[in-house]
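Hi,

Here is the structure I promised to pass on. Have a look at it first, and then read on for what I found in it.

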Amino acid sequence: CPVETHEAPQLNLSVRCTIREESMIQWLNNNQGFALALLTLVYVAATVIIAIIMGRSNILARRNLELAVQLEKWRSRPYVIFDVVMNNLLVHAMVKNIGLTAATNVIVSVTPSLLITVDKEKKKSVLVDNIIKFIPPGREFKDFVDVTHSFLKHYPNASFSGTIGYQDTQGAQYSEPINIDMNFQKDLSEIEEKDIGREIAK
């Protein structure tokens, strides 16, 4: 009786694979230049793609670093303010550095010119139009201007505008606008004066 076997198909498959491998090897041997050029082209293309990706990553990293440096600079910069404040019956001018680092060469210019009363005479406040060489962080300079009723007679509009300029310790320059409207303070001051008068009358 004939015996059924599966060895023949397996043998044929093995023979076909061997023939294909030999054909591929022969083709590569016959076309070594073309194969080498193709591999080189693939390598170069991959290198260019990697270089582009790395370049974009470096640009992004540099931008992030520049942004971080700029944010830290603005966070730690000096910030100088000028104000004219009514406190009960008195008026004071003040310059204060509310920033985190020292300010240098601070100069305040306002319109109208801020005059103070000294021995019943008017003169310009030392805080205005004079260079303040150095203001450490958190430091405040105050100058007595006048009593409230006399101040309001001299400045009926109760408003000032101008600029305040200064530098940090590295020489970077800053300039801030000044817009002071004291009418709200004037109303508060009038109420306080009336209350004080009532208390005195009692």
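Among contacts between residues at least 6 apart in sequence, what share joins residues at least 24 apart? The answer is 65%. Keep in mind that this is a predicted model.

First, the general layout. The protein has 9 strands and 4 helices, and along the sequence they follow the pattern α-α-β-β-β-β-β-β-β-α-β-β-α. Of its 202 residues, 24% count as buried. The exposed surface comes to about 14,500 Å², with 60% of it supplied by carbon and sulfur atoms.

Now the sheet I spent my time on. It is an open sheet of 4 strands in the order S6-S3-S8-S9, and the pairing is antiparallel. Strands S6 (132-135) and S9 (173-181) stand at the edges with a single partner strand each, so one side of each has no neighbour in the sheet. On average, neighbouring strands here are turned by 30° against each other, ignoring direction.

If you want to walk across the sheet, start at S6. Its partner is S3 (residues 103-111), and the two pair in the antiparallel sense over 3 bridges. Thr104 is a handy marker: it stands opposite Phe134 in S6, and it also stands opposite Gln167 in S8. S3 and S8 are antiparallel too, with 6 bridges between them; Thr111 of this pairing stands opposite Ser161 in S8.

From Gln167 you can step on again, as that residue stands opposite Gln173 in S9. S8 (residues 159-167) and S9 run antiparallel and are joined by 9 bridges, and Phe160 has Ile180 in S9 as its bridge partner. The two strands form a hairpin with 5 residues between them, and Gly171 in the turn has a positive phi of about 95°.

Next, the core. Which residues have the most contacts inside the largest nonpolar core? They are Phe82, Val84, Val95, Val106, Leu114, Phe151 and Met182, in a core of 29 residues. At least two core residues each come from strand S1 (80-87), strand S2 (90-97), S3, S6, helix H3 (148-154), S8 and S9. That fits a general tendency: in soluble globular proteins, nonpolar side chains tend to be buried together.

Val106 is a good place to centre your view. Leaving aside neighbours within four places in sequence, Val106 is in contact with Val80, Val95, Asn130, Ile131, Ile132, Ile135, Ile164, Gly165 and Tyr166.

That last residue, Tyr166, leads on to the rings. The structure holds 4 aromatic pairs. How far apart are the ring centres of Tyr166 and Tyr174? They lie 5.6 Å apart with the planes at 25°, which is under 30 degrees, so the pair counts as stacked. Both Tyr166 and Tyr174 are buried. Elsewhere, ring pairs link Phe151, Tyr155 and Phe160 into a cluster. Two of these names have come up already: Phe151 is among the core residues with the most contacts, and Phe160 is the bridge partner of Ile180.

If you open the file with just one view in mind, I'd colour the strands in the order S6-S3-S8-S9 and then show Val106 with its contacts, Tyr166 among them.

Cheers

Key
Residues are numbered from 1 along each chain as its sequence is written. This is a predicted model: local features need pLDDT of at least 70, side-chain atom pairs count only at pLDDT 80 or more; totals for chains, interfaces and linings use all residues. Side-chain values use heavy atoms; hydrogens and water are left out. Two strands pair if DSSP finds at least two bridges between them. Axes are lines fitted to C-alpha atoms, for helices over the stretch in contact, and angles run from 0 to 180 degrees between N-to-C directions. Rings of Phe, Tyr and Trp (its six-membered ring) pair if their centres lie within 6.5 Å; planes under 30 degrees apart count as stacked, over 60 as edge-to-face and the rest as tilted. Buried means under 20% relative accessible area, exposed over 50%, partly exposed in between (1.4 Å probe, protein chains only). Contact means heavy atoms within 4.5 Å. Accessible areas come from the Shrake-Rupley method with a 1.4 Å probe; for residues, only the protein chains shown count as cover. A nonpolar core is a set of buried Ala, Val, Leu, Ile, Met, Phe, Trp, Tyr and Cys residues joined through side-chain atoms within 4.5 Å.
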